[in-house]
Amino acid sequence: MENLLRFDTGLMIWTWITFIVVLVILGTKAWKPMIKALEDRENFIRDSLAEAETARQEADKVASEYEAMVTRARQEAQEIVAAGKETAERMKAEILNEAQDKSAGILKQAEAQIAGERDKAISEIRTQIVDISMAAAEKIIVKSLSREDNERLIEDALKDYGQN
């Protein structure tokens, strides 16, 4: 134990010589491959960073394209909805106009039919009134008028009725 703590000049010279020899061997044989390995690693990391940056830029580009596509799709959807609403409003107006035209036609036809029925009823009432009047007149006058007078009176009444 005492020998280890004691200063030995020969041991120190041999330690320095061994250190220098190891340093020369490492400098000639190991230093260049280690530097080359570190440079390769540095280049690999640099290339990886460049590829990552390129990939990030590509992802940003794809994301912006996606956003633009989504924006266009939304705009197209809004245009389709607006066109659908416009078409629905136009169809609603057409259907409403068509229904109003049909109802006006039906109303006009009903009015014409009512007028025709009214005229027909008035005509039938007049005919019945004439028949009843004739029957009553005939019963009243049959005793005092001759048959020729009776027919003449009927014809005159019919002529008067035809003029009205």
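# A walk along helix α1

Guide: E98 is partly exposed, with a relative accessible area of 44%. Keep in mind that this is a predicted model.

Visitor: Is E98's salt bridge partner K102 buried or exposed?
Guide: E98 pairs with K102 in a salt bridge, and the closest N and O atoms sit 3.7 Å apart. Both residues lie in helix α1, four residues apart, or about one turn of the helix. The cut-off for calling a residue exposed is over 50%. K102 has a relative accessible area of 53%, so K102 is exposed.

Visitor: How many helices and strands does the protein chain have?
Guide: Helix α1 runs over residues 9-141. Counting up the secondary structure of the protein chain gives zero strands and two helices.

Visitor: What radius of gyration does the protein chain have, set against a compact globule of 164 residues?
Guide: Start with the box: the C-alpha atoms fill roughly 190 × 35 × 15 Å along the principal axes. A compact globule of 164 residues would come out near 15 Å, but this protein chain has a radius of gyration of 63 Å.

Visitor: What percentage of the 164 residues count as buried?
Guide: The protein chain exposes about 15000 Å², with carbon and sulfur atoms supplying 62% of that. To count as buried, a residue has to be under 20% relative accessible area. Of the 164 residues, the share that makes it is 1%.

Visitor: How far apart are the mean positions of the positive and negative charges?
Guide: There are 23 positive and 31 negative charges in the protein chain. Take the mean position of each set, and the two are apart by 3 Å.

Visitor: Which residues form the aromatic pair, and is it stacked or edge-to-face?
Guide: A search of the whole structure turns up one aromatic pair. Its rings are 6.1 Å centre to centre, with 90 degrees between the planes. Planes over 60 degrees apart count as edge-to-face, so the pair is edge-to-face, and its members are W16 and F19.

Visitor: Why are W16 and F19 separated by about one helical turn?
Guide: W16 is exposed at 51% relative accessibility, and F19 is partly exposed at 47%. As for the turn, both sit in helix α1, and the spacing explains it because they are apart by three residues.

Visitor: What is the N to O distance in the salt bridge of E42 and R46?
Guide: These two are four residues apart in helix α1, about one turn of the helix. E42 is partly exposed at 44% relative accessibility, and R46 is partly exposed too, at 45%. Their side chains meet in a salt bridge, with N to O at 2.7 Å.

Visitor: Which residue forms a salt bridge with D60?
Guide: D60 is partly exposed at 40% relative accessibility. Its partner also lies in helix α1, four residues away, about one turn of the helix. The closest N and O atoms are 2.8 Å apart, and the partner is R56.

Visitor: Which residues are linked in a network of salt bridges?
Guide: R56 is a good place to start: R56 is partly exposed, with a relative accessible area of 42%, and bridges to D60. The network takes in one more residue besides those two, so its members are E53, R56 and D60.

Visitor: How many salt bridges does the count come to?
Guide: Side chains of opposite charge can pair when their charged atoms come close. The pairs here include E42 with R46 and E98 with K102. With the cut-off within 4 Å, the count of salt bridges comes to six.

Terms used
Residues are numbered from 1 along each chain as its sequence is written. This is a predicted model: local features need pLDDT of at least 70, side-chain atom pairs count only at pLDDT 80 or more; totals for chains, interfaces and linings use all residues. Side-chain values use heavy atoms; hydrogens and water are left out. The radius of gyration is taken over C-alpha atoms; the globule rule is 2.2 Å times the number of residues to the power 0.38. Buried means under 20% relative accessible area, exposed over 50%, partly exposed in between (1.4 Å probe, protein chains only). Accessible areas come from the Shrake-Rupley method with a 1.4 Å probe; for residues, only the protein chains shown count as cover. Lys and Arg count as positive and Asp and Glu as negative; His and the chain ends are not counted. The place of a charge is taken as NZ of Lys, CZ of Arg, CG of Asp or CD of Glu. Rings of Phe, Tyr and Trp (its six-membered ring) pair if their centres lie within 6.5 Å; planes under 30 degrees apart count as stacked, over 60 as edge-to-face and the rest as tilted.
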